[in-house]
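Here is an informal walk through one protein model, meant to be read with the structure open beside you.

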Amino acid sequence: MKKWTDFSIDPYKMLKIQTVFHSVGSDKTCHNYERVYQHFLPDFAGHVLELGLANYSNGSNSIRAWPKLFPGCLTYGADWNTDRMVIEENIKTFLVDQGSPASLDDFITILGDTLFDVIVDDASHNFLNSCRTFVRLLPKLKSPGVYFVEDVARKENGWQQTVADWDNILPPFCSAIVDARPEIAGDVDSVMVCIWKP
Ligand SMILES: C[S@@+](CC[C@H](N)C(=O)[O-])C[C@H]1O[C@@H](n2cnc3c(N)ncnc32)[C@H](O)[C@@H]1O
């Protein structure tokens with residue numbers, strides 16, 4: 001596992017990402033994920049997909065971060081909860097259950113030929129769910145493109161996906177497992193998996 005400080009740091013880009021995440025009520029800043037995104041996010045994205053949209057307060061929804069970071073991008077969101085859906089210009093959301101192979105397969109069919117510059121999995125954080133989602137969605141990632149999985153636990157943490165889980169399947173891919181808060185010993189799940197196509 002790497003630390004976010006092992007990668008190049010652009011303080012301006014990091015502050016911009018942090019400000020945008022905060023403005024939409026995302027919990028990404030609680031994990032300091034702007035530290036990881038600032039290195040791995042491209043400067044331009046035409047299509048972004050995020051799975052797991054909630055912030056559980058009025059009007060806030062992490063899907064709204066992406067058009068702010070990538071003006072003009074077409075943003076797709078997926079969640080299993082109808083309350084998380086957003087209907088806005090340039091934002092399309094879909095009811096998808098990561099725990100159901102059939103639901104994921106239906107979603108893939110709906111996506112058709114659409115390919116994404118950025119895919120973010122911030123949904124159930126269960127390894128089986130995240131893994132089956134990754135296997136299906138990797139072909140939908142553009143080249144170049146980057147796929148993120150949030151909230152990976154440093155070590156065994158009950159139901160939650162762990163660094164060891166991802167370590168087992170990542171070797172064939174260009175990837176990094178990055179701790180966003182290495183300085184906080186008690187923070188168990190602020191680790192992101194980053195997989196990219198060159
Ligand atoms: C951690 S919250 C997302 C936070 C948000 N992305 C942000 O940045 O603030 C997790 C979301 O995943 C959704 N979720 C949980 N299990 C899911 C599943 N099996 N399939 C799809 N969505 C799921 C929940 O409904 C919730 O909206």
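## A strand covered on both faces

Start with strand E2, where both faces are covered: His47, Leu49 and Leu51 are buried on one side, and Val48 and Glu50 are buried on the other. Keep in mind as you look that this is a predicted model. E2 covers residues 47–51, and five of its five residues are buried, so the strand is largely enclosed by the rest of the structure.

What does E2 pair with? One partner is strand E3 (residues 74–79), which runs parallel to E2 and is joined to it by five bridges. Within that pairing, Leu49 has Tyr76 of E3 as its bridge partner. E2 also runs parallel to E5, this time with four bridges, and there Val48 stands opposite Val118 in E5.

## The whole sheet

Now step back to the sheet itself. It is an open sheet of eight strands with mixed pairing, in the order E1-E7-E8-E6-E5-E2-E3-E4. The edges belong to strand E1 (2–3) and strand E4 (91–95), which have a single partner strand each, so one side of each is left without a neighbour in the sheet.

## Around E5 and E6

Val118 turns up again on the other side of the story: its bridge partner in E6 is Val146. Strand E5 (residues 116–121) and strand E6 (residues 141–152) pair in the parallel sense, with five bridges between them. Ile119 belongs to this pairing too, standing opposite Tyr147 in E6. Add helix H5 (residues 127–137), and E5, H5 and E6 make a right-handed β-α-β unit.

How much of E6 is buried? Nine of its 12 residues are, which makes E6 mostly covered. E6 also pairs with strand E8 (residues 191–197), here antiparallel and through six bridges. One of the partnerships to look for is Val149 with Val193 in E8.

## Ala176 and its contacts

Ala176 sits in strand E7 (residues 174–179). Is Ala176 buried or partly exposed? It has 18 C-beta neighbours inside 10 Å, while a buried residue needs 20 or more, so Ala176 counts as partly exposed.

If you leave out residues up to four places away in sequence, Ala176 touches Lys2 and Cys194. Lys3 is 173 residues away from Ala176 in sequence, yet their C-alpha atoms are 9.7 Å apart in space.

## Who surrounds the ligand

Which residues are closest to the ligand? They are Gly52, Ala54, Ser62, Gln98 and Ser124, out of 20 residues that surround it. By type, this shell divides into nine polar, six charged and five nonpolar residues.

## The overall build

Altogether the protein has six helices and eight strands. Following the sequence, they come in the pattern β-α-α-β-α-β-β-α-β-α-β-α-β-β. The radius of gyration is 15 Å, close to the 16 Å that the globule rule gives for 198 residues, so the protein is as compact as a globular protein of that length.

The C-alpha trace spans about 40 × 35 × 35 Å along its principal axes. Of the 198 residues, 40% count as buried. As for who touches whom, take the contacts between residues at least 6 apart in sequence: 66% of them join residues at least 24 apart.

How values were computed: Residues numbered from 1 in each chain as written. Predicted model: local features only at pLDDT ≥ 70, side-chain atom pairs only at ≥ 80, totals over all residues. Near = placed C-beta within 6 Å. Nonpolar A, V, L, I, M, F, W, Y, C, P; charged D, E, K, R; others polar. Helix = DSSP H or I, 4+ residues; strand = E, 2+ residues; numbered from the N terminus. Contact = placed C-beta atoms within 7 Å. Rg over C-alpha atoms; globule rule 2.2 N^0.38 Å. Pairing = 2+ DSSP bridges. Right-handed = clockwise from strand over helix to strand, strands pointing away.
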